[in-house]
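Reader: Could you take me closely through one part of this model, keeping track of which values support each step? I would like a connected account rather than a list.

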Amino acid sequence: MKTEIYAHRGSSLQAPENTMAAFQLAFQQGAQGIETDVQLTKDNIPVLIHDERVNRTTDGKGYVKDYTFKQLKQLDAGAWFSTEFAGATIPSLEEFLKWIGGKPLTLNIELKNNKIDYKNMETIVYDLLRSYDLLDRTILSTFNPNSVQRLRRISQHLNCALLRSRKKRQLISYAKELGANAIHIKYRLLSKSLVQQCKQQRLHIRVYTVNHPKQILRCLDLDVNGIITDVPNIAISYSRKV
Ligand code: G3P
Ligand code: MG
């Protein structure tokens, strides 16, 4: 199968990450999938924001987990990026699922539960995806190995990826034992032999965050399953040439 291009937090070089504007732009640019990050509010609403705290990407302060959804929605998630995007808010996962429903996009929902292991996050997200009938085109990913195991216990059928930024011996067998059917690795962990082993072991391999043309071309050449990039427009133009 051809390498799929995933927009990392949406088209996040040209629009504020993890906002509807960034997702919309990624779709217009021809991305095949969208990667986004989920945290939970105080009232257990899954929301799309990368950091545990709102400080970097909004005009607020403090932890997502200490805000109710209603309070979180008061924050501006676009002005930090540029005045053009002032007034953008943190989307709920549900808002994103409603938007994506009719579009031919793959979802990569990253559970941000490696620093705060949010209680019941897996079931909350899974139930929502099921209610929108989106499980078939969703990949759930996480850096948290316990969460991979919990996801696999919820369903034998869901697509689940172990995220990894640091080297690990026997990564493939480790991921498989946890119940993952894919690994999402940082670019510096990529090697030809790892890709070959993944193919032999029937484990999908996707790579993040691949922004430079040289890196994009190497991923395409190695025929990885997916590239997760801040610049889907550039990655798409290369993938059309290959
Ligand atoms: O899912 C790939 C990538 O997003 C993982 O790292 O920190 O950008 O969420 P991070
Ligand atoms: Mg992410």
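Author: I will begin with a loop residue, Ser165, which is partly exposed, its relative accessible area being 23%. This is a predicted model, and every value below is computed from it. Ser165 sits in the loop that runs between strand S6 (159-164) and helix H6 (171-178). From Ser165 to Gln197 the separation is 32 residues in sequence and 18 Å in space, taken C-alpha to C-alpha.

That pairing leads on to helix H7, which spans residues 192-200 and in which Leu194, Val195 and Cys198 are buried. Viewed down the axis of H7, these buried residues fall within an arc of 100°, and they therefore line one face of the helix. Lys192 and Gln200, on the other side of H7, are exposed.

Past the helix, Gln201 belongs to the loop between H7 and strand S8 (204-208). Gln201 has a relative accessibility of 38% and so counts as partly exposed, the class that lies between under 20% for buried and over 50% for exposed. The C-alpha atom of Gln201 is separated by 9.7 Å from that of Asn181, and the two residues are 20 apart along the chain. In strand S8 we find Ile205, which is buried at a relative accessible area of 1%. Ile205 can be related back to the buried face of the helix through Leu194, since the two are 11 residues apart in sequence and their C-alpha atoms are 8.8 Å apart.

The ligand site is the next step. Around ligand 1 stand His8, Arg9, Glu35, Asp37, His50, Glu110, Lys112, Phe143, Leu163 and Tyr208, and by class this shell comprises three nonpolar, two polar and five charged residues. Three side chains can be followed in atomic detail. A polar side-chain atom of His8 lies 2.8 Å from an oxygen atom of ligand 1, while a side-chain N or O atom of Glu35 is 2.7 Å from an oxygen atom of the ligand. For Lys112, the distance between a side-chain N or O atom and an oxygen atom of ligand 1 is 2.8 Å. Taken alone, ligand 1 exposes 290 Å², of which the protein buries 90%.

Some of these residues also serve the magnesium ion (ligand 2), whose protein donors are Glu35 (OE), Asp37 (OD) and Glu110 (OE), at 1.9 to 2.1 Å from the ion. Along the sequence the donor residues follow the spacing E-x1-D-x72-E. Asp37 lies in strand S2 (residues 33-40) and Glu110 in strand S4 (residues 106-111), so this pair ties together parts of the chain that are 73 residues apart in sequence. Asp37 is buried, with a relative accessible area of 0%, and Glu110, at 4% relative accessibility, is likewise counted as buried.

Finally, His8 offers a link from the ligand to a neighbouring loop residue through its backbone: the backbone oxygen of His8 is 2.8 Å from a polar side-chain atom of Ser12. Ser12 is found in the loop between strand S1 (4-8) and helix H1 (20-28), and with a relative accessible area of 14% it is buried. The side chain of Ser12 is also joined to that of Asp230 by a polar contact of 3.0 Å.

How values were computed: Residues are numbered from 1 along each chain as its sequence is written. Chains are lettered from A and ligands numbered from 1 in the order in which they are written. This is a predicted model: local features need pLDDT of at least 70, side-chain atom pairs count only at pLDDT 80 or more; totals for chains, interfaces and linings use all residues. Side-chain values use heavy atoms; hydrogens and water are left out. Donors are N, O and S atoms within 2.8 Å of the metal (3.2 Å for Na, K and Ca); water is not among the atoms, so sites may look incomplete. Helices (H or I, at least four residues) and strands (E, at least two) are DSSP runs, numbered from the N terminus. Buried means under 20% relative accessible area, exposed over 50%, partly exposed in between (1.4 Å probe, protein chains only). A residue is near a molecule or strand if one of its heavy atoms lies within 4 Å of it. A polar contact is a pair of N or O atoms within 3.5 Å; within protein, one must be able to donate a hydrogen and the other to accept it, and residues adjacent in sequence count only if both atoms are side-chain atoms. Accessible areas come from the Shrake-Rupley method with a 1.4 Å probe; for residues, only the protein chains shown count as cover. Ala, Val, Leu, Ile, Met, Phe, Trp, Tyr, Cys and Pro count as nonpolar, Asp, Glu, Lys and Arg as charged, and the others, Gly among them, as polar. The arc is that of the directions from the helix axis to the C-beta atoms.
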